[in-house]
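Colleague: Before I use this model for anything further, could you take me through its packing and its aromatic contacts?

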Amino acid sequence: MTTTTTPMIVNALGQLDNPNAPRSADAAAELNQSSAQLTIDARTLADAHASGLTAVNITLGYTMGDLPPYEHTLHELDVWDTIIRDNAADFTSIRSVADLHRAREEGRIGIIYGFQNAVAVGEDTGRIATFADRGVRVVQLTYNQANHIGDGSMAAENRGLTDFGRNVVEALNDHHLMVDLSHSGERTCLEAARTSRTPVSINHTGCRALADLPRNKTDEELRLVASRGGFVGIYFMPFLNVSGHASAADVVEHIDHAVNVCGEDHVGIGTDGTITSIDDLDSYRTHLAEHVALRRAAGVGAAGERSDTLPFVLDLRGVDQFRELIRLLEARGYGSSRIEKIMGSNFVDYAERVWAP
């Protein structure tokens, strides 16, 4: 593979936004940014296409705070339905593996609906059918804190799945939705992976063997998820380096470690970021300090978050981020087949194992 050839690229967790637009820049300092505050403008669309992106799992719905979880989530689904409808020449909804291939063939960006917290289920697993009907395809069980399903990575008790959490996993299996264990505590991750009848995923994480921080996963977790046919996406986040200042080289190291632990058929990318770069980093850092302080005060921050830790990798961002990663993997000795798997086809294969009825 040459750097001018772009394979199918599926980002297992990301966002589409122009962070430089006033509305998005103002929202960056808030604890809860809503989908209605995103800026899907000409630059957002042009950058997404220029990057070579095929599809992205975007976060919508309730994640944290005092919003009404179920009602807010339904509203967010309405917002994204409108975004896709208003940009039908550029976006298409992804509900099946066939939709992923169709998006690539048509040159549109596939939008996968996903949650980063399953609190919106409430006490009624019947809501999972509603979410599935509305197009949700990825459900992360917990955010950093504990909920009534299990413990997040920052929950000191490190409990496993609750009894209700086991019911949630069963219902997600019944409706062919991905069980995402990103942000989960170690016991919750291990128990959910063993409980699920279908393969599970950790859509955006790093390897704790390389950076011992709670948001990263142990080799035991990685190995178990892979052994059951699952998927692990490596993020472009500060947690890849204990200094909080991760580089593109760190991303490659974590991908390589995950491949060695999981096998090359189970590793991909989940950047946890946008494609459009922030132009004024000095101004952004001011907003970031406010945002990190809000997260800490609300008890939803993660170990390793500081006012000086950018929530992206400085030398692996913008429209060339995927091509640059391919170039670095090639330099590491990865061949075209393995790179194609990491950049997208492993996620597609995992989706086939879960979404197909």
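The exchange below goes from the whole chain to single residues.

Modeller: This is a predicted model, in which local features need pLDDT of at least 70 and side-chain atom pairs count only at pLDDT 80 or more, while totals for chains, interfaces and linings use all residues. Residues are numbered from 1 along each chain as its sequence is written, and side-chain values use heavy atoms, with hydrogens and water left out.

Colleague: What radius of gyration does the chain have, set against a compact globule?

Modeller: The radius is taken over C-alpha atoms, and the globule rule is 2.2 Å times the number of residues to the power 0.38. For 357 residues a compact globule would have a radius near 21 Å, and the chain agrees with this at 18 Å.

Colleague: What share of the residues counts as buried?

Modeller: Buried means under 20% relative accessible area, exposed means over 50%, and partly exposed lies in between, with a 1.4 Å probe and protein chains only. Of the 357 residues in the chain, the buried share is 59%.

Colleague: Which helix gives the most to the largest nonpolar core?

Modeller: A nonpolar core is a set of buried Ala, Val, Leu, Ile, Met, Phe, Trp, Tyr and Cys residues joined through side-chain atoms within 4.5 Å. The largest one has 83 residues, and Leu-16, Trp-80, Ile-111, Leu-141, Ile-255 and Leu-325 touch the most other members. Helices (H or I, at least four residues) and strands (E, at least two) are DSSP runs numbered from the N terminus. With eight residues, the helix that gives the most to this core is H9, residues 248–262.

Colleague: Which residues does Trp-80 contact, leaving aside its neighbours within four places in sequence?

Modeller: Contact here means heavy atoms within 4.5 Å. On that basis, and with the neighbours within four places left aside, the partners of Trp-80 are Gln-15, Ser-35, Leu-38, Ile-40, Ile-58, Leu-60, Ile-111 and Tyr-113.

Colleague: Is Thr-63, in the loop between strand E2 (55–59) and helix H3 (69–86), buried or exposed?

Modeller: Leaving aside neighbours within four places in sequence, Thr-63 is in contact with Gln-116, Asn-117, Tyr-143 and Gln-145. Its relative accessible area is 13%, and therefore Thr-63 is buried.

Colleague: How are the rings of Tyr-70 and Phe-131 arranged?

Modeller: Rings of Phe, Tyr and Trp (its six-membered ring) pair if their centres lie within 6.5 Å, and planes under 30 degrees apart count as stacked, over 60 as edge-to-face and the rest as tilted. A search of the whole structure finds eight aromatic pairs. For Tyr-70 and Phe-131 the centres are 5.9 Å apart with 55° between the planes, and the pair is tilted.

Colleague: How many residues apart in sequence are the parts that this pair ties together?

Modeller: Both Tyr-70 and Phe-131 are buried. Because Tyr-70 lies in helix H3 and Phe-131 in helix H5 (residues 127–133), the pair ties together parts of the chain whose separation in sequence is 61 residues.

Colleague: Which residue lies over the face of Tyr-70?

Modeller: A charge sits over a ring if NZ of Lys or CZ of Arg is within 6 Å of the ring centre and within 35 degrees of the ring normal. At 3.8 Å from the ring centre of Tyr-70, the residue over its face is Arg-127.

Colleague: Why is the pair of Tyr-284 and Phe-312 described as tilted?

Modeller: Tyr-284 is in helix H10 (residues 281–298) and Phe-312 is in the loop between H10 and helix H11 (321–331), 28 residues apart. Tyr-284 is buried at a relative accessible area of 15%, and Phe-312 also counts as buried, at 16%. The ring centres are 5.9 Å apart, and the pair is tilted because the planes stand at 40°.

Colleague: What phi does His-176 have?

Modeller: Most residues other than glycine have a negative phi, and most peptide bonds are trans. His-176 is found in the loop between H6 and strand E6 (178–180), and it is partly exposed, with a relative accessible area of 28%. Although His-176 is not a glycine, its phi is positive, at about 60°.
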